[in-house]
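This report covers selected helix packing and side-chain contacts in the model shown below.

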Amino acid sequence: MTEEPQVRKRDAAATKAALLDAAAALFAERGFDRTTVRDIAKLAGANQALLFRYFGSKDALFEEVLARGGREQIATTPPGELLGTALRSMLESDKGRDRTLDAYLRSTGHDSAAGAVRRQLGEEYAKVLATLTDADDADLRADLILAWLLGIGLVREITGKEPLASADPDDVCRLVLGAARTLLEHSG
């Protein structure tokens, strides 16, 4: 007696999530321009027509990938912990970590609607960080912290420059967060 092939149950939400996860992984690894919709669909185990049905375009999918990770982190993290959480999630090497920042950094040259999402997320992070100081130049201080975070991501993840590329996340967090506290301290 032969077994009948299993028919996979259609689940739009699961397929959409699989496409988002696959796109996030590939955008983080390759950047926007070197990631194809065919590769995303293949990694997700879905038909690429479904990618277009659920997201409309590769650009729209990229926007969703960036917005999903960044906005979730902003919404669920207390302001005083946001920098540490963002830094730690970028530094952790485990496969399950959020790689939104990697996708962001590897795709900064791509000019699309996703550019607006990148700018908006940067503004949202900076706005939260600015609340951590009462200094007159709080916005500038927040932008400096954000630039430092992006620079650390660029040097560690994109260029792979040592010793930062292999530095222990605890050491990097200790040094960066200590210096950031000085920049964001209240004048009291």
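## Helix α2

The buried residues of α2 pack against α1 (12-30), α3 (48-55) and α4 (58-76). Contact means heavy atoms within 4.5 Å, and helices are DSSP runs (H or I, at least four residues), numbered from the N terminus. The model is predicted: local features need pLDDT of at least 70 and side-chain atom pairs count only at pLDDT 80 or more, while totals for chains, interfaces and linings use all residues. Residues are numbered from 1 along each chain as its sequence is written, and side-chain values use heavy atoms, with hydrogens and water left out.

In α2 (residues 37-44), Val37, Ile40, Ala41 and Ala44 are buried (under 20% relative accessible area, 1.4 Å probe, protein chains only). They lie on the same side of α2, because they cover an arc of only 95 degrees around the axis, taken from the directions from the helix axis to the C-beta atoms. Arg38, Lys42 and Leu43, on the other side, are exposed (over 50%). Gly45, just after α2, has a positive phi of about 70 degrees.

## Gln73

Gln73 is in helix α4 and counts as buried because its relative accessibility is 10%. Its side chain makes a polar contact with that of Ser89 at 3.4 Å; such a contact is a pair of N or O atoms within 3.5 Å, where within protein one must be able to donate a hydrogen and the other to accept it, and residues adjacent in sequence count only if both atoms are side-chain atoms. Not counting residues up to four places away in sequence, Gln73 touches Leu82, Thr85, Ala86, Ser89 and Tyr125.

Key: Helix = DSSP H or I, 4+ residues; strand = E, 2+ residues; numbered from the N terminus.
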